[in-house]
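Here is a short guided tour to read alongside the viewer. Load both chains, pick a colouring you like, and follow along section by section.

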Amino acid sequence: MTKDKLYIKNFGPLKEVKIELSQINVLIGANGSGKSVLAKIITIILDLRNHMLEDDNVFKKFDDFNINFITKETVIKFYVGDTIIFELVDGHINKTIDAFEPVAQEMLRPNHENIIKTEKLTTQYIPAERSLISLFSKSLSSFLVSGIPLPKFLLNFSSEYEKARQEIKKLDFLNMRYVNNGKDLIYYSQDGYTDLEYSSSGAQSSLPLYLTVKYFASKHKSIIIEEPEQNLFPKAQVDTIKYIIKQVSAKNNLFIMTHSPYVLSALNILLFAGNIAKINSVMREKVLKLYNEDLWIDSEFFSAYYLENGIARTIKSSRGLISENEIDDISEEIAGEFDTLLNIYRSHKNDK
Amino acid sequence: MINSLKNTFPQIEQNSCLEFRIDKEFEIYDCDENDDNCTMGRCYVKENGQFKVINHGPKEIAFLAVDKCLFFNNDGFKKCDCIIFEDSTICFIEIKDCKNGQRAKRKKTAKEQLKSTLQIFKEAMDLEREHEAYLCVGVSSTRPSTLSSSMDSIVEFEEKFDTRLFDGCQKEFKLRPY
């Protein structure tokens, strides 16, 4: 099966990026490598597949996400299979209508209201700034009335988070329980609870993620998550990845941007579980005892890229797992720094 | 195995690459570049080496120096430092000190050396034993101890060479109940 592809050239920090879009995708890269920019482009472009926009409104989307880096040199091409369905070249947009989803084709008909509303987005973006939302959710309306400028993507996430809160009144997560009884409460034990705003940074950062992932997976097609590991202990990072994978189905596309070696290792475990379960029925049964089938990742439908100097490089091996990558290299170098000190200590510990 | 090795690689005897150790414990030392203490170009059994071998079994352990003894740089392929084996297991070992940093890069090189040596030996002869490969790179463990890239390499060694890959600088030959 030919995968959808995205080609981006000369867009902000992105020099030339060509990536395949799979059901589950992971992107790594240093701070400032352009991961967030790429996440936001993917959010906009995937949404275009389902909701046709007038050209001006496409440009407006880039403003909404604070990434209006379009210049005359910018090229963005989105391929469904081998067909280009969206192309931005020389400041102009071309679309191949036939390849769009039927819903989008319908929108192109004359007199159709083709300005989309944010709540119709089929791609949902869970930003790294999500902990601000749980902290300031009560104050957001005051911010808006006071005219404090907040990025539109953050407001959109805030609105979606609110909907998720209204729909999911109770949720167990990371050995805690969230209860919405008019107030957001976090239970650490049967009786011990605190208001969300006074809870740990891990709870404040992960609750918006846990609630919205569950909510989005049932209502939207694509989910883009920045740094699922944020503020979490390594074990909680691994549990969070398992939770996310459990929520998404074959109908969803998932994009994860991460800096965490624990996230990569957790994904590799689920990929390997999926791979070996396919080999024979004995292995399938044994893997099933360890991991439910909804946790298995099919490497056929998985992509992994490393972003550096504005270029994306695949980090998925021929085994279907995440292979050599710069995050793991850093773990090696940290261990190497300790080795260096250890060598000094061993060589001179008996010196006078 | 010994005869087969000598027949396949006659330079083993010529270069005195093979020795047998009856010690319950011994260490293997590999010379790093610019190492003033290095008395031999190749790795050899020496106190305070980087790789430790513990033998709980009744039989001696064979030590075969590979790099700069069985094979040399002008042979034109990558090779690991040495091989140790007894009746049930053969272990391919690459040692890298990493005193000058670049641990991640050196580990990648070490994997390639192990893969190349496994390829050569598996093509040349029947090893008749369980295969293991050891990346003895640096001293300290990484966190997570099993990185995603390590997982991929472990699977690669299993798939391509039917070999168990380990990150570490010690091999313990257990006493087997037979």
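## The six-stranded sheet of chain B

In this predicted model, chain B holds an open sheet of six strands, ordered β1-β5-β6-β7-β8-β9, with mixed pairing. Its edges are β1 (18–21) and β9 (163–167) of chain B, each of which pairs on one side only. From one strand to the next, the twist averages 20 degrees.

At the β1 edge, β1(B) runs antiparallel to strand β5 (residues 61–65) of chain B, and four bridges join them. To find your place along this pair, look for B:F20, which stands opposite B:A62 in β5(B). As background, strands of a sheet pair through backbone hydrogen bonds, either parallel or antiparallel.

## Helices on that sheet

Two helices are worth displaying together with these strands. Helix α3 (residues 103–124) of chain B lies across β5, β6 (82–85), β7 (89–96), β8 (130–137) and β9 of chain B. Its direction is at about 150 degrees to that of β7(B). Helix α4 (residues 148–161) of chain B also packs on the sheet, where it touches β8 and β9 of chain B. The direction of α4(B) makes about 155 degrees with that of β9(B).

## Where chain B meets chain A

How many residues of chain B are in contact with chain A? The count is 26, and they touch 26 residues of chain A. The area buried between the two chains is about 2200 Å², and carbon and sulfur atoms give 53% of that.

For the polar side of the interface, the model has seven salt bridges between chain B and chain A. One of them links A:D329 with B:K108, whose closest N and O atoms are 2.9 Å apart. Across the interface, 14 residue pairs are in polar contact, with both partners at pLDDT 80 or more. On the side of chain B that touches chain A, the elements giving two or more residues are α3 and α4 of chain B. The most comes from α4(B), with nine residues.

## A second sheet in chain B

Chain B has another open sheet, this one with four strands in the order β3-β2-β4-β10 and again with mixed pairing. The edge strands here are β3 (44–45) and β10 (170–173) of chain B, each pairing on one side only. Strand β2 (residues 25–29) of chain B is antiparallel to β3(B), joined by two bridges. Within this pair, B:I28 stands opposite B:V45 in β3(B).

## A covered strand in chain A

Over in chain A, is strand β4 (residues 75–80) mostly covered or mostly open? Strand β4(A) is mostly covered, with five of its six residues buried. Strand β1 (residues 4–11) of chain A runs antiparallel to β4(A), with five bridges between them. Strand β5 (residues 83–89) of chain A also pairs with β4(A) in the antiparallel sense, over six bridges.

A:I76 is a handy marker for both pairings: A:I8 stands opposite A:I76, and A:I76 stands opposite A:L88 in β5(A). β4(A) and β5(A) form a hairpin with two residues between them. In that turn, A:G81 has a positive phi of about 65 degrees.

## One leucine in a helix

Finally, take a look at A:L155 in helix α6 (residues 152–167) of chain A. Why does A:L155 count as partly exposed? Its relative accessibility is 26%, and partly exposed covers the range between under 20% (buried) and over 50% (exposed). A:L155 and A:I133 are 22 residues apart in sequence, and their C-alpha atoms are 8.8 Å apart in space.

Key
Residues numbered from 1 in each chain as written. Chains lettered and ligands numbered in written order. Predicted model: local features only at pLDDT ≥ 70, side-chain atom pairs only at ≥ 80, totals over all residues. Heavy atoms only, no water. Buried < 20%, exposed > 50% of the residue type's maximum accessible area, 1.4 Å probe, protein only. Pairing = 2+ DSSP bridges. Axes fitted to C-alpha atoms, helices over the stretch in contact; angles between N-to-C directions. Contact = heavy atoms within 4.5 Å. Buried area = accessible area lost by both parts, 1.4 Å probe. Salt bridge = Lys/Arg side-chain N within 4 Å of Asp/Glu carboxyl O. Polar contact = N/O pair within 3.5 Å; in protein donor to acceptor, adjacent residues only side chain to side chain.
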